[in-house]
Amino acid sequence: MPHILKRIKKYLSILCKREEGAPFPFFVISTLVGEMTMKIIRKTIVKQIITEKSREKMKASYENKMNQYKKELEQLEFEKNKLLFQKRFDRTKVEQRFLEEEKKREQQIAWYEFQLTSLDQIPNGSEIYDSEVEEIVEVTVGADWETVAGDRTIIVKDGKVVEIK
C-alpha cells in the first residue's frame, strides 16, 4: 500500500506543477494508521457587519476605485488620440475598440456610484457580502459530507472575525 501512495503522490506533484500560476485543485493524500485522508480547498463566504467605521472604510475604497477608473478613462482618451494622430491604424476600428474599453470603465464607475448611494441606506448591524476566500478542509473516510462540503460563512465586524458559521 505505501508503494501505491508514493506513486500517487509523485503523479499528483507532477500534475500540480503543470503551469506556473495556473489554478489547480489542491489535495494531499496521507495515511494515518491505515486511514486515508485528503485535504481539499473549498470556497468560504466572508460577510461584513456594517458599522460607522466599516461604512467609512467602504466609502473610501469605493471612491478610490472610482477615481482609478476615471484616471484610466483619461489615459484611454490620451492613447486613442495618440493612435489617431499617427494615422497608422484604421480610424473606425481604433475608435470602436477604445469605445468598448471606455464603456467598461464607465459601467464600473456607475456600479461604484450605485454602491455608494446604497451604502447610505443600509442600517448599522446589517450583514453584507464582502468577499470569498478559499479554505483547506481535511476529509477522512466516514466523514459527514454535508459538514465537510456545506456552506461556511465568516462574519467580520470592524476588521475582526466575530463568528464562523
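A residue counts as buried here when its relative accessible area is under 20%. Keep that cut-off in mind as you click around, and remember that you're looking at a predicted model.

**Stop 1: the whole chain**

Start with everything on screen, coloured by secondary structure. You should find four helices and five strands. Trace them along the sequence and the order reads α-β-β-α-α-β-α-β-β. Of the 165 residues in the chain, 25% are buried. Switch on the surface for a moment: the chain exposes about 12600 Å², and carbon and sulfur atoms supply 55% of that. Now think about who touches whom. Among contacts with a separation of 6 or more, 71% join residues 24 or more positions apart.

**Stop 2: helix 2**

Select residues 52–86, which make up helix 2. This helix has 35 residues, and from its first C-alpha to its last it reaches 51 Å, close to the 51 Å expected at 1.5 Å a residue. Show the side chains of its buried residues, including Ser54, Arg55, Met58 and Lys59. Farther along helix 2, the buried set also includes Leu76, Lys80 and Leu84. Step just past the end of the helix and you land on Lys87, which takes a positive phi of about 60 degrees.

**Stop 3: helix 3**

Next, pick residues 91–121, helix 3. Here 31 residues reach 45 Å from the first C-alpha to the last, close to the 45 Å expected at 1.5 Å a residue. Its buried residues include Val94, Phe98, Glu101 and Glu102, with Arg105 and Gln115 also among them. What covers the buried residues of helix 3? Helix 2 is part of the answer, so keep both helices on screen for the next stop.

**Stop 4: the core**

Select Ile50, Met58, Tyr62, Met66, Tyr69, Leu73, Ile109, Tyr112, Leu116, Leu119 and Ile128 and show them as spheres: these 11 residues form the largest nonpolar core. Helix 2 and helix 3 each supply at least two residues of this core. Which helix gives the most? That's helix 2, with five residues. As a bit of background, nonpolar side chains tend to be buried together in soluble globular proteins.

**Stop 5: the aromatic rings**

Hide the spheres and go for sticks. The structure holds three aromatic pairs. Zoom in on Tyr69 and Tyr112: their ring centres are 6.2 Å apart and their planes sit at 25 degrees, so this pair is stacked. The pair links distant parts of the chain, since Tyr69 belongs to helix 2 and Tyr112 to helix 3, 43 residues apart. Are these two buried or exposed? Both Tyr69 and Tyr112 are buried, and for Tyr112 the relative accessible area is 9%.

Now add Trp111. The rings of Trp111 and Tyr112 have centres 4.9 Å apart and planes at 80 degrees, so that pair is edge-to-face. Unlike buried Tyr112, Trp111 counts as partly exposed, at 44% relative accessibility. Bring in Tyr62 as well and you have the full cluster: ring pairs link Tyr62, Tyr69, Trp111 and Tyr112.

Before moving on, look around Tyr69. Leaving aside neighbours within four places in sequence, Tyr69 is in contact with Arg105, Gln108, Ile109 and Tyr112.

**Stop 6: Tyr129**

Jump to strand 3, residues 127–140, and find Tyr129 there. Buried or exposed? At 52% relative accessibility, Tyr129 counts as exposed. Leaving aside neighbours within four places in sequence, this tyrosine is in contact with Ile45, Val46 and Lys47. Try the distance tool too: the C-alpha atoms of Tyr129 and Ile49 are separated by 9.1 Å, though the two residues are 80 apart along the chain.

**Stop 7: the last hairpin**

Finish with strand 4, residues 153–157, and strand 5, residues 160–164. The two pair in the antiparallel sense over four bridges. Which residue of strand 5 is the bridge partner of Ile154? Click on Ile164 to see it. Together the strands form a hairpin with two residues between them, and Asp158 in the turn has a positive phi of about 50 degrees. How many of the five residues of strand 5 are buried? Zero, so this strand lies largely in the open. While the side chains are showing, here's a general rule to explore: in a regular strand they alternate between the two faces of the sheet.

Note on methods. Residues numbered from 1 in each chain as written. Predicted model: local features only at pLDDT ≥ 70, side-chain atom pairs only at ≥ 80, totals over all residues. Heavy atoms only, no water. Buried < 20%, exposed > 50% of the residue type's maximum accessible area, 1.4 Å probe, protein only. Pairing = 2+ DSSP bridges. Contact = heavy atoms within 4.5 Å. Areas by Shrake-Rupley, 256 points an atom, 1.4 Å probe, with all protein chains shown as cover. Expected span 1.5 Å × (residues − 1). Core = buried A, V, L, I, M, F, W, Y, C linked by side-chain atoms within 4.5 Å. Phe/Tyr/Trp six-rings, centres within 6.5 Å; stacked < 30°, edge-to-face > 60°.
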